[in-house]
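Colleague: Got a minute for this complex? I'd like a quick tour before I head back to the bench.

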Amino acid sequence: MSLNKELVQHIATLARLQLEEDDFDDVVVKLSSIVDFFDQLQQIPTDNVEPMAHPLHQAQRLHPDVVTEINERDAIQTNSSTVQDGFYLVPKVIE
Amino acid sequence: MVGQQQALHTQTLAELAKGLLNAEFSSYELVECLLSRIEEHDSSLNAFISVMAEQALTDAAASDKARAKGEVGLLGGLPIVHKDIFCTKGILTTCGSRMLENFISPYDASVVEQLSSAGAVILGKTNMDEFAMGSSNETSYFGPVRNPWDIERTPGGSSGGSAAAVAARLVPVATGTDTGGSIRQPAALTNTVGLKPTYGRVSRYGMIAFASSLDQAGVITRTAEDAAMLLTAMAGFDERDSTSVDHPVPDYVESLTRPLQGLRIGIIQQHFDSGLDEKCASRVKDALNVLEQQGASLIEIDLPNLDLSVPTYYVVATAECSSNLSRFDGVRFGYRADDAKDLLDLYCRSRGNGFGVEVKRRIMTGTYVLSAGYYDAYYLKAQKVRQLISQDFKNAFEKVDVIAGPTTPTPAFPLGDKMDNPITMYLNDIYTIGVNLAGLPGISVPCGFVDDLPVGLQIIGPHFAEETILACAHQYQQYTNWHQRCPEGYE
């Protein structure tokens with residue numbers, strides 16, 4: 001297997017995902033099978049190939065630097081259960 | 001009136017448009033008829049996450065009034081359903097996830113806005129694989145959709161709810177999205193037409209992102225003509241989508257009459273060599289013969305890197321998904337875990353509980369291929385192989401006008417069959433994902449049955465050749481009647 005429990009825990013932390021202890025072995029096995037499946041790409045010679053970032057090879061379009069968004073804070077914040085005075089509440093981050 | 005109403009659900013969008021124009025029935029009567037069908041059949045199909053009965057009747061009545069005054073759009077009073085990945089203002093938009101179980105969007109997706117402003121009436125939002133990540137609709141938090149051709153089988157995914165609803169004649173047309181085959185594969189498995197336009201042809205604004213360089217909005221219908229009608233209303237430049245393409249929008253219905261005479265159709269031998277069910281292969285070959293008999297020529301072509309498209313796709317798609325789904329933090333919207341001990345705990349538990357198994361698997365896969373020490377080996381490598389696959393298509397289109405072949409390796413498989421092995425599930429996308437990697441348009445059209453289950457023919461075109469593939473599919477439907485077959489119990 002290409003991945004072990006320690007590496008999977010590291011990936012989960014990077015991805016900000018809590019995994020249940022009971023699920024861990026299964027996650028390790030399945031993620032390893034996917035990574036092993038990807039390994040066939042290593043056999044392909046790609047020395048002078050440009051990586052492809054956009055299907056139509058387009059450059060990112062720019063727009064004039066003007067404000068186009070309207071202020072919809074109240075409407076947007078109705079989707080959060082923890083809002084006070086227009087602010088989002090999170091657990092304390094500064095002691 | 002009653003006699004006519006009973007037949008309304010069997011009509012195509014084009015037929016319904018004529019009926020409304022000739023005042024044979026009202027939009028209100030049409031919507032009422034379809035809502036009663038949804039009520040009758042959806043408890044067994046589970047194709048819908050939300051049904052907006054009251055709003056739809058109000059909108060239909062308003063459309064009838066507007067029509068009486070002569071103020072009617074291209075799709076005036078015609079019913080549609082949207083995949084629940086499209087944001088709809090003031091209406092629940094779940095993306096098939098617990099994470100967005102209670103999410104009410106503050107705005108409409110561009111696709112929704114365009115179709116509504118053309119006059120379409122929204123009947124509901126359809127079930128889907130969670131965040132469009134799945135090929136069987138089984139990853140939905142709201143339970144799997146069932147295939148009206150056999151309710152023990154999958155309708156395909158991720159736009160499975162849209163496909164099942166159209167196949168069961170609950171609605172004539174539906175929107176969908178296609179990142180690796182999510183429109184074409186369910187269309188093939190349900191005897192419907194599924195159109196995935198060129199990357200950038202239809203706006204992605206307000207369409208909840210899975211893999212931004214692959215995602216494209218499209219439609220599921222019963223005829224290529226209906227797909228052409230909808231695409232004419234949906235396509236076009238949108239400044240709110242940074243990868244939208246400013247390319248003229250033709251009237252796609254007008255070009256449907258282009259004859260098959262002289263059309264050069266590329267056939268990929270690898271498509272028939274391995275993995276393809278023999279009976280499916282035979283249906284697809286029959287379809288190619290029909291096209292040839294009507295004047296098209298079949299030319300063998302080679303896509304040497306085709307076999308690499310599945311691993312390449314799953315590196316690129318998971319990398320982009322891990323980035324896109326980082327916005328779900330449990331703070332501003334979406335599921336929030338209770339009693340977090342600190343901010344990290346809030347993030348980890350909100351995401352751990354809010355996302356399902358397959359979504360977490362893909363986020364982790366993407367995080368791994370983008371992480372320090374592995375980026376070059378996986379992500380950069382996949383982007384290079386993507387270039388090779390794309391170049392193969394480009395070379396092929398120097399010799400042919402379209403490429404045709406199977407949409408899926410098998411007909412609809414039983415629910416539960418592939419859920420325990422992600423690789424087996426991913427390989428189901430073998431014929432469809434090359435199209436997304438190269439940003440091409442593709443359409444799946446019904447081409448026969450294997451053991452009473454539908455089979456799809458896929459037609460692929462070069463960038464912005466929607467007119468060609470729609471005309472080819474439309475002409476095929478003039479010489480065949482597979483698409484008119486209706487699953488038993490839904491006539």
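Modeller: Sure. One term to begin with: pLDDT is the predictor's confidence in each residue, on a scale from 0 to 100. Keep that in mind, since this is a predicted model.

Colleague: OK. What does chain A average in pLDDT?

Modeller: Chain A averages 92. 100% of its residues score at least 70.

Colleague: Where in chain A is confidence lowest, and where highest?

Modeller: Lowest is helix 3 of chain A, residues 73–77, with a mean of 91. Highest is helix 1 of chain A, residues 5–14, at 96.

Colleague: And what is the average for chain B?

Modeller: Chain B averages 96, and 99% of its residues score at least 70. Watch residues 1–6 of chain B, though: pLDDT stays under 50 there. For that stretch the model has five contacts beyond four places in sequence.

Colleague: What ipTM does the predictor give the complex?

Modeller: An ipTM of 0.96, along with a pTM of 0.97.

Colleague: Now the folds. How many helices and strands has chain A?

Modeller: Three helices and two strands. Along the sequence the order is α-α-α-β-β.

Colleague: Is chain A compact or spread out?

Modeller: Spread out. Its radius of gyration is 22 Å, well over the 12 Å that the globule rule gives for 95 residues, so chain A is more spread out than a compact globule. Its C-alpha atoms fill a box of roughly 55 × 45 × 25 Å along the principal axes. Buried residues make up 17% of the 95 in chain A.

Colleague: And chain B, how many helices and strands?

Modeller: Chain B has 17 helices and 11 strands. Its radius of gyration is 21 Å, close to the 23 Å from the globule rule for 491 residues, so chain B is as compact as a globular protein of that length. The box for its C-alpha atoms is roughly 65 × 55 × 45 Å along the principal axes.

Colleague: What percentage of chain B is buried?

Modeller: 62% of its 491 residues. Look at the contacts in chain B with a separation of 6 or more: 76% of them join residues 24 or more positions apart.

Colleague: Switching to the interface. How many residues of each chain are in contact?

Modeller: 43 residues of chain A are in contact with 53 residues of chain B. On the chain A side, helix 1, helix 2 (24–38) and helix 3 each supply at least two residues. Helix 2 of chain A gives the largest share, seven residues.

Colleague: What classes of residue are on that side of chain A?

Modeller: 25 nonpolar, 13 polar and five charged.

Colleague: Back inside chain B. How do helix 8 and helix 17 of chain B cross?

Modeller: Their axes come within 8 Å and cross at roughly 150°. Anything over 145 degrees counts as roughly antiparallel, so helix 8 and helix 17 of chain B are roughly antiparallel to each other.

Colleague: Which residues meet there?

Modeller: From helix 8 of chain B, B:Ala224, B:Glu225, B:Ala227, B:Ala228 and B:Leu231. They meet B:Glu466, B:Leu470, B:Ala473, B:His474 and B:Gln477 in helix 17 of chain B. By class, this contact has six nonpolar, two polar and two charged residues.

Colleague: What about the loop after helix 8 of chain B?

Modeller: B:Gly236 lies in that loop, between helix 8 (224–234) and strand 7 (264–268) of chain B. B:Gly236 is partly exposed, with 18 other C-beta atoms within 10 Å.

Colleague: Backbone oddities next. What should I expect in general?

Modeller: Most residues other than glycine have a negative phi, and most peptide bonds are trans.

Colleague: So which residues does a cis bond join here?

Modeller: B:Gly157 and B:Ser158, with omega about 10°. B:Ser158 sits in the loop between strand 3 (121–126) and helix 6 (160–167) of chain B.

Colleague: And what is phi for A:Asp85?

Modeller: Near 50°, a positive value in a residue other than glycine. A:Asp85 is in the loop between strand 1 (83–84) and strand 2 (87–88) of chain A.

Colleague: Is A:Asp85 buried or exposed?

Modeller: Exposed, because A:Asp85 has 5 C-beta neighbours inside 10 Å.

Colleague: Last one: what is phi for B:Phe464?

Modeller: Near 65°, again positive in a residue other than glycine. B:Phe464 is in the loop between strand 11 (453–460) and helix 17 of chain B. B:Phe464 counts as partly exposed, with 19 other C-beta atoms within 10 Å.

Note on methods
Residues numbered from 1 in each chain as written. Chains lettered and ligands numbered in written order. Predicted model: local features only at pLDDT ≥ 70, side-chain atom pairs only at ≥ 80, totals over all residues. Helix = DSSP H or I, 4+ residues; strand = E, 2+ residues; numbered from the N terminus. Rg over C-alpha atoms; globule rule 2.2 N^0.38 Å. Buried ≥ 20, exposed ≤ 12 C-beta atoms within 10 Å, placed from the backbone. Contact = placed C-beta atoms within 7 Å. Nonpolar A, V, L, I, M, F, W, Y, C, P; charged D, E, K, R; others polar. Axes fitted to C-alpha atoms, helices over the stretch in contact; angles between N-to-C directions. Parallel < 35°, antiparallel > 145°, perpendicular 65-115°, else oblique.
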